[in-house]
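Please look over the sequence and the structure shown below before reading on. The briefing that follows goes from the whole chain to single residues.

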Amino acid sequence: MIRSMMRLFRLRLALLNGVAAAGGYCLFPSALAQGALWAVVAGVTLLAAGGSALNQVMERDIDRLMARTSRRPLPNGDLSPATATAIGVATLLAGLLVLGAEDKTLPSLLGAVAVAWYLGVYTPLKRHTPFALAVGGVCGAVPPVIGWCNAGGEPTDYRIMLLAGLLYLWQIPHFWLFQRRHAEEYRCAGIPLFDPRLPEFGIAGLFRLWLLALAAASLLLPAFGIIEGNAARWYLAVPVGLCILAYSRSEDLLGPGINLFPLLVTLALVFQR
């Protein structure tokens, strides 16, 4: 049962959203309240987990067609759609309640909008267009904004907009690489893919260009004083690493390297506190 719940919640991905929210919280220039920080991480993680459960209810038909997802609780028969829906809704409500503690309505509202966008727009859209990734990336850019607002910041502040924009840029190569790794399974399930591969370059030129753009954009954090001092000097390893990855021909290296990006940015923000 524990394994089934972990697959239903996609726990690692849910926790990654919680880490991103922690980065937004730590970015706000105020005294760090550890209780509030952990509440933000827990609330966003619960929202991501609940969204994952409902997503799997909606996609249980295509999950049966792919080896990667056929062992999830619904296609495997461990859970019924009704049970998974109830678990997903309960988890979402728990996440909203945690984020709405102490009469903070904006973080809960942002979380609800992100989940609605993920389930109501991105999930159905990816069956019809390979450009759904660009739409779905909005959801992953919201967690740091939730953390920032929970700490007392305004969502339109340029500092959090820069951080959220970086996470949006990061998601495209992250999920694009994931799709490429499982391309045949996606095609068998009827999901359209965007794959302008150029054999002579090993990876698509657009993919490389996107990583270089992400490396350049990541320099905006120290340039605008968002990351300062020793943390800024350590942080320079992030854009350098992205440039190296852009010219790597090994997809085994690309995957873990790209996945580390949000964690490294969050660590830089925590380190300078």
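## Briefing on the chain

The chain carries 21 positive and 15 negative charges, and the mean positions of these two groups are 5 Å apart. The model described here is predicted. Its secondary structure comes to 15 helices and 0 strands. The radius of gyration is 19 Å, close to the 19 Å that the globule rule gives for 273 residues, so the chain is as compact as a globular protein of that length.

**Overall size and surface**

- Taken along the principal axes, the C-alpha atoms of the chain fill a box of roughly 55 × 50 × 30 Å.
- Of the 273 residues, 48% count as buried.
- The accessible surface of the chain is about 12800 Å², and 67% of this surface belongs to carbon and sulfur atoms.
- Among contacts between residues at least 6 apart in sequence, 72% join residues at least 24 apart.

**Annotated spans**

- An unreviewed UniProt entry places the feature "transmembrane region" at residues 37-58, 79-99, 105-123, 130-148, 160-178, 206-226 and 253-271.
- Over residues 130-148, one of these spans, the chain is 89% helix and 0% strand. The end C-alpha atoms of residues 130-148 are 32 Å apart.
- Residues 160-178, another of the annotated spans, are 100% helix and 0% strand. For residues 160-178, the end C-alpha atoms lie 27 Å apart.

**Buried residues**

- Is Asn 55 buried or exposed? Asn 55 has a relative accessible area of 1%, and a residue under 20% counts as buried, so Asn 55 is buried.
- Asn 55 lies in helix α3. Leaving out residues up to four places away in sequence, Asn 55 touches Arg 10, Tyr 118, Leu 119 and Thr 123.
- Glu 59 is in the loop between α3 (34-58) and α4 (60-63). With a relative accessible area of 3%, Glu 59 is buried.
- Which residues does Glu 59 touch, not counting residues up to four places away in sequence? They are Thr 123, Lys 126 and Arg 127. Thr 123 is also among the residues that Asn 55 touches.
- Ile 172 belongs to helix α8 (residues 158-181). Its relative accessible area is 9%, and Ile 172 is buried.
- Beyond its neighbours within four places in sequence, Ile 172 is in contact with Leu 133, Ala 134 and Trp 210. Ile 172 and Ala 134 are 38 residues apart in sequence, and their C-alpha atoms are 6.7 Å apart in space.

**Partly exposed residues**

- Arg 10 lies in the loop between α1 (2-9) and α2 (11-27). Arg 10 is partly exposed, with a relative accessible area of 22%.
- The phi angle of Arg 10 is near 45°, a positive value in a residue other than glycine. Arg 10 is also one of the residues touched by Asn 55.
- Lys 104 is in the loop between α5 (81-99) and α6 (105-125). At a relative accessible area of 24%, Lys 104 is partly exposed.
- Lys 104 is in contact with Leu 99 and Asn 150, leaving aside its neighbours within four places in sequence. From Lys 104 to Ala 151 there are 47 residues in sequence and 9.8 Å in space, C-alpha to C-alpha.
- Asp 78 is in the loop between α4 and α5. Why does Asp 78 count as partly exposed? Its relative accessibility is 41%, and partly exposed residues fall between the 20% limit for buried and the 50% limit for exposed, so Asp 78 is placed in that class.
- Asp 78 touches Ser 4 and Pro 73, not counting residues up to four places away in sequence. Asp 78 and Met 1 are 77 residues apart in sequence, while their C-alpha atoms are 8.1 Å apart in space.

**An exposed residue**

- Arg 71 is found in the loop between α4 and α5. Arg 71 is exposed, with a relative accessible area of 55%.
- With residues up to four places away in sequence left out, Arg 71 touches Arg 7 and Asn 76.
- Arg 71 and Leu 37 are 34 residues apart in sequence and 34 Å apart in space, C-alpha to C-alpha.

Note on methods
Residues numbered from 1 in each chain as written. Predicted model: local features only at pLDDT ≥ 70, side-chain atom pairs only at ≥ 80, totals over all residues. Heavy atoms only, no water. UniProt positions renumbered as here; feature names shortened; annotations may be inferred. Helix = DSSP H or I, 4+ residues; strand = E, 2+ residues; numbered from the N terminus. Rg over C-alpha atoms; globule rule 2.2 N^0.38 Å. Buried < 20%, exposed > 50% of the residue type's maximum accessible area, 1.4 Å probe, protein only. Contact = heavy atoms within 4.5 Å. Areas by Shrake-Rupley, 256 points an atom, 1.4 Å probe, with all protein chains shown as cover. Lys, Arg positive; Asp, Glu negative; His and termini not counted. Charge placed at Lys NZ, Arg CZ, Asp CG, Glu CD.
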